[in-house]
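Here are my notes on the cysteines, as promised. Have a look at the model first, then read on.

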Amino acid sequence: GDIEISLPCSMTDTIAVTATDYCSTFTITYTDTHVSGGCAGTIMRRYVATDICGNVSAPFTQFIHLIDTIAPTAYVSNPIVNISCEVPLPAFSPVFNDLCDDDLDIVYLTDVYTPGNCPASYTLVRRATATDDCGNSVTATQTINVSDYTAPVWNNQENVITYECGTNIPLVTPTAYDNCSSIIYSYVNGPTQLVECVYSFNRLWTATDSCGNASVIFTQTIQ
């Protein structure tokens, strides 16, 4: 065989020498030593041939220059994630593999943030690039779509307010909770009713978050 050959990294188990024995069959074995040379490295391979009687040939040394034109592979367990805005962002842990390089150069790129149609809605794209020693690279990507479809929820609170006749009735805003954003309160007053000398009316409140999700009506009875 040739003293120097070139092989792709995926074919390093190729036996690129031949031998002759005039009496019996034989097997060829080898030991490898990785040495520097080229972007993917070089293997110094020492062959010996052994026949069925145990006779061992003189060693033959061959230098195999590795060729790497194949990019690493990337795997992301959760490449597309759709979550509600109150859920913590998931982990981004891409796994990279390469046929030739066990020590890839991995760089996490700046996240790309794209606003949605309201403050609590957006898309986040995470990326990481792995490059082998021969300059072949691959990029792993994770896309996270964050949405807010949950309306505010009213807190437990008093819903009947009583005043003395002739009192200037103040505006008492009830309180609500939202999972992600600020709340805007609005109301409408119902008609005034007279029952057993008591005047009363209902104030109907709605809590709306910044994504337009509206709560159920909270009824305040003022008398």
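The points below go through the disulfides and then the free cysteines.

1. A word on the basis: this is a predicted model, where local features need pLDDT of at least 70, side-chain atom pairs count only at pLDDT 80 or more, and totals for chains, interfaces and linings use all residues. Residues are numbered from 1 along each chain as its sequence is written, and side-chain values use heavy atoms, with hydrogens and water left out.

2. You'll find four disulfides here, a disulfide being a pair of cysteine sulfur atoms within 2.5 Å. Number the bonded cysteines in sequence order and the pairing reads 1-4, 2-6, 3-7, 5-8.

3. C9 and C100 are joined, S to S 1.5 Å. They sit 91 residues apart, C9 in the loop between β1 (4-8) and β2 (26-35), and C100 in the loop between β7 (95-97) and β8 (105-108); strands are DSSP runs (E, at least two residues), numbered from the N terminus. C9 is buried at 10% relative accessible area, while C100 is partly exposed at 23% (buried is under 20%, exposed over 50%, partly exposed in between; 1.4 Å probe, protein chains only).

4. C118 pairs with C211, sulfurs 1.9 Å apart. This link bridges 93 residues, from the loop between β9 (112-115) and β10 (122-131) to the loop between β17 (198-209) and β18 (218-222). Both C118 and C211 are buried.

5. Why is C23 not bonded to C53? The closest cysteine sulfur to that of C23 is in C53, 7.8 Å away, too far for a bond. C23 is exposed at 77%.

Conventions
Helices (H or I, at least four residues) and strands (E, at least two) are DSSP runs, numbered from the N terminus.
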